[in-house]
Amino acid sequence: MSTSLEADKEIMEAVGSTEVSSRSQARPVTGESLHLSRLLMVPFASAVAFGIHFWASKNQPSIEAHSYTIFLNGVSALSLIAAGVQRFSPHVRAWMKEMCPIFAGVVLLLCLWETITAGLRLLPMPYFPGPAGVLQSLINDRKLLFDSTWHSLVLLLSGYALGVSIALITGICIGWFRKARYWGMPFLKVVGPIPATAWIPLAMVISPDSRFTAVGLIALAVWFPVTMLTMSGISNTRASYLDVARTLGARPSYLIFRVAIPAAMPSIFIGLFMGLGASFLTLVVAESVGVKSGLGWYVSWAQGWAEYGKVYAALIIMAAFFSSIMTLLFKIRDRVLVWQKGVIKW
């Protein structure tokens, strides 16, 4: 009897120690800072960039070299400030743990860029300017670039909103109603695969205003993928969901808006992402053809004057602009489909 009691006591002590250790492991240690090597990634990369820039600056105008030096100083200062703040902020520490290697890689990529262009002159000028020249173009044309970005944003959001609105209506109708599917599917199969940019000559003849033409082309580029994915999601709603709702007395409107559409949301968001990518391409092409403002127009204008530093500056703005919109759509998707966490992989 005493032997069994001692065994039970040892088991309880082992379980208790395991629980304590698991709690201690799960509890975040707020005072612990990042490893020194990770903290110094960006300052070290900036120091390398300083050395390469000092070597290559003899081949660059003084104003470009000065602006790029200020930029590198700002990167180094911000990295050192963040290294000090992370000791007191868990959020900053987690962000730096995730992003320090990426920022260090970007700075080293700038080093490689400057070495190939301004340093060794391996690529012909003025088609391939160095990062200092591109940065100076960003500074010189900041007002025009801001105005072009604003006009592109207005065109993109207008066309995207119009295309999504029409696509959701047509996709739900074709996916739910048999008669709409009978007449709508042939139209989708014939008109949908044609690229929206192929309609530019006809659109310029039909619409006298180039802005309305651009909005219509963007809407057309968004309409097809969103319609197809919405229709697929609606038509593939599980029959068991609909049967249960009908058994409980649901009306047709309830079946559409409260059963079929929520079940089709994953497919709808895939269509939204595909339509957003198509809208970016159509926006740039439409602006370069007829619109007298926007990032696409700016690229064509700068290329006509052989200002390739401005071309690369606009491409950088495009990358940040489109990436921000895509990230915002990801945030909306995560918020709307939060109920699917644990069901699908993100």
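Helices in this report are DSSP runs of at least four residues, numbered from the N terminus. The model is a predicted one, and Leu145, a residue of helix 7, offers a convenient place to start.

Leu145 counts as buried because its relative accessible area is 4%, where buried means under 20%. Once its neighbours within four places in sequence are set aside, Leu145 is in contact with Ser137, Leu138, Leu295, Tyr298, Ala313 and Ala314. Leu145 and Gly294 stand 149 residues apart in sequence, yet their C-alpha atoms are 8.3 Å apart in space.

Helix 7, which covers residues 142-176, packs with helix 10, which covers residues 210-235, at an angle of about 35° and with the two axes 6 Å apart. The crossing in which helix 7 passes helix 10 is right-handed, and the contact between these helices is made up of 20 nonpolar, 10 polar and one charged residues.

Another feature of the model is its largest pocket, which has a volume of about 620 Å³. Of the 24 residues that line this pocket, Phe71, Val75, Phe103, Val106 and Val107 lie nearest its centre. Helix 4 (62-85), helix 5 (90-119) and helix 6 (131-140) are the elements that each give two or more residues to the lining, and helix 5 gives the most, with 11 residues.

The table sets out the two groups of residues by class.

| Group | Nonpolar | Polar | Charged |
|---|---|---|---|
| Contact of helix 7 with helix 10 | 20 residues | 10 residues | one residue |
| Lining of the largest pocket | 23 residues | one residue | no residues |

Key
Residues are numbered from 1 along each chain as its sequence is written. This is a predicted model: local features need pLDDT of at least 70, side-chain atom pairs count only at pLDDT 80 or more; totals for chains, interfaces and linings use all residues. Side-chain values use heavy atoms; hydrogens and water are left out. Axes are lines fitted to C-alpha atoms, for helices over the stretch in contact, and angles run from 0 to 180 degrees between N-to-C directions. A crossing is left-handed if the near helix is turned anticlockwise from the far one by less than a right angle, and right-handed if clockwise. Ala, Val, Leu, Ile, Met, Phe, Trp, Tyr, Cys and Pro count as nonpolar, Asp, Glu, Lys and Arg as charged, and the others, Gly among them, as polar. On a 1 Å grid over the protein atoms alone, a cavity is a set of points where a 1.4 Å probe fits but cannot get out, and a pocket is an open set with protein on both sides within 12 Å along at least five of seven lines; lining residues have an atom within 4 Å of a point. Grid points are joined across faces, edges and corners, and a volume is the space filled by probe spheres set on the points. Buried means under 20% relative accessible area, exposed over 50%, partly exposed in between (1.4 Å probe, protein chains only). Contact means heavy atoms within 4.5 Å.
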